Amino acid sequence: MIDVALLGIIRRWYIRDHISIREIARRLDISRNTVRRYIRSDAIEPAYPARHSPSSLDEFAPRLSAWLSAESVKSRKQRRTLKQMFLDLRELGYEGSYDRVAAFGRRWKVGQMERVKSASKSTSSASRYKGRGFVQITSEVNYNALNLFLNRFVRPTNLVNQPETLGSDSYLAFAASCWYWRSNDLRRSAKKGMEDAIVEEVGRVINRGPARRNLPEYPPLSNEDRLQKFHWVKKILLT
């Protein structure tokens with residue numbers, strides 16, 4: 001019998017992620033022949049979400065999940081097997097089959113790996129889209145928005161796949177500063193005057209997250225350096 005949830009996982013790993021049959025079998029603790037059978041199966045994954053039917057394992061699921069978490073940090077020789085956990089559950093009153101326990105264990109393991117992969121991807125994204133340019137553009141969201149602006153109004157570029165370009169191309173860095181100034185409506189603040197308080201107001205947008213942007217008791221990062229450079233430029237422009 002084909003487990004549809006497992007079918008989707010195996011096919012995604014094998015077809016999309018190009019993971020070997022051997023590695024899939026190791027991750028899921030199933031035989032390579034079983035993996036091959038799922039890959040070659042004519043079964044089609046449904047487009048609708050799977051319906052959850054009440055199971056005799058439901059009331060024991062939190063305990064089993066806690067056991068799996070505790071065992072996962074132990075060495076392979078010290079871990080309890082799913083078979084042993086099944087026997088322990090029987091002593092606690094579980095009357096269901098071992099197959100349900102084994103299926104729960106596989107889903108738990110896949111979920112853990114997906115969470116690790118997701119966390120790794122988030123860390124990788126933060127490193128890839130780090131601060132670059134004159135106003136230090138950060139985050140994948142900003143790089144995507146900036147990329148659309150540059151392609152429409154400046155010149156064809158691909159910042160999403162080549163974010164490092166923003167740190168090496170001064171023309172794009174200047175255009176990025178204009179985009180940031182415009183998209184955050186900093187002209188509204190700049191038109192108020194040339195006082196230090198206005199410089200701080202602009203700096204609070206550039207160097208402070210949205211949660212603390214409008215709190216005057218928190219000066220923006222690098223505020224003294226920004227004020228010093230502002231006074232230097234102001235002196236040149238007004239003489």
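Tyr94 is a good place to start: at 1% relative accessibility, this residue counts as buried, where buried means under 20% relative accessible area, exposed over 50%, and partly exposed in between, using a 1.4 Å probe and protein chains only. The model you are looking at is predicted, so local features need pLDDT of at least 70 and side-chain atom pairs count only at pLDDT 80 or more, while totals for chains, interfaces and linings use all residues. Residues are numbered from 1 along each chain as its sequence is written, and side-chain values use heavy atoms, with hydrogens and water left out.

Let's stay with Tyr94 and look at its aromatic company. Rings of Phe, Tyr and Trp (its six-membered ring) pair if their centres lie within 6.5 Å; planes under 30 degrees apart count as stacked, over 60 as edge-to-face and the rest as tilted. The count comes to 6 aromatic pairs. In one of them, the ring centres of Phe60 and Tyr94 are 5.8 Å apart with planes at 75°, so this pair is edge-to-face. Phe60 and Tyr94 link distant parts of the chain, 34 residues apart: Phe60 sits in the loop between helix H3 (32–40) and helix H4 (61–72), and Tyr94 in the loop between helix H5 (82–91) and H6. Helices here are DSSP runs (H or I, at least four residues), and strands (E) need at least two; they are numbered from the N terminus. Both Phe60 and Tyr94 are buried. Tyr94 also pairs with Phe86: their ring centres are 6.2 Å apart and their planes at 85°, so this pair too is edge-to-face. Phe86 is buried as well, with a relative accessible area of 11%. Together, Phe60, Phe86, Tyr94 and Tyr98 form one aromatic cluster.

Now for the charged residues. Side chains of opposite charge can pair when their charged atoms come close. A salt bridge is a side-chain nitrogen of Lys or Arg within 4 Å of a carboxyl oxygen of Asp or Glu, and the whole structure has 5 salt bridges. Arg80 takes part in a bridge with Glu71, where the closest N and O atoms are 3.2 Å apart, and in another with Asp88, at 2.6 Å. Arg80 is partly exposed, with a relative accessible area of 25%, and Asp88 is partly exposed at 26%, whereas Glu71 is buried at 5%. A network of salt bridges links Glu71, Lys74, Arg80 and Asp88.

Further along the chain, Arg155 forms a salt bridge with Asp169, with the closest N and O atoms 2.2 Å apart. Arg155 lies in the loop between helix H7 (140–153) and helix H8 (165–168), and Asp169 in the loop between H8 and helix H9 (170–183), so the pair ties together parts that are 14 residues apart in sequence. Arg155 is partly exposed at 32% relative accessible area, while Asp169 counts as buried at 19%.

What about the nonpolar side chains? In soluble globular proteins, nonpolar side chains tend to be buried together. A nonpolar core is a set of buried Ala, Val, Leu, Ile, Met, Phe, Trp, Tyr and Cys residues joined through side-chain atoms within 4.5 Å. The largest such core has 17 residues, of which Ile137, Leu146, Leu150, Leu166 and Tyr180 touch the most other members. H7, H9 and helix H11 (196–206) each supply at least two residues of this core, and H9 gives the most, with 5 residues. A second, separate core of 14 residues includes Leu6, Ile21, Ile24 and Ile30.

Leu166 leads us on to a charged residue. Contact means heavy atoms within 4.5 Å, and, leaving aside neighbours within four places in sequence, the contacts of Leu166 include Arg132, Ile137, Tyr143 and Leu146. Arg132 is in the loop between helix H6 (98–128) and H7. Arg132 is buried yet has no salt bridge; the nearest side chain of opposite charge, Glu164, is 5.0 Å away (Lys and Arg count as positive and Asp and Glu as negative, while His and the chain ends are not counted). The side chains of Arg132 and Tyr143 are joined by a polar contact of 3.1 Å, meaning a pair of N or O atoms within 3.5 Å; within protein, one must be able to donate a hydrogen and the other to accept it, and residues adjacent in sequence count only if both atoms are side-chain atoms.
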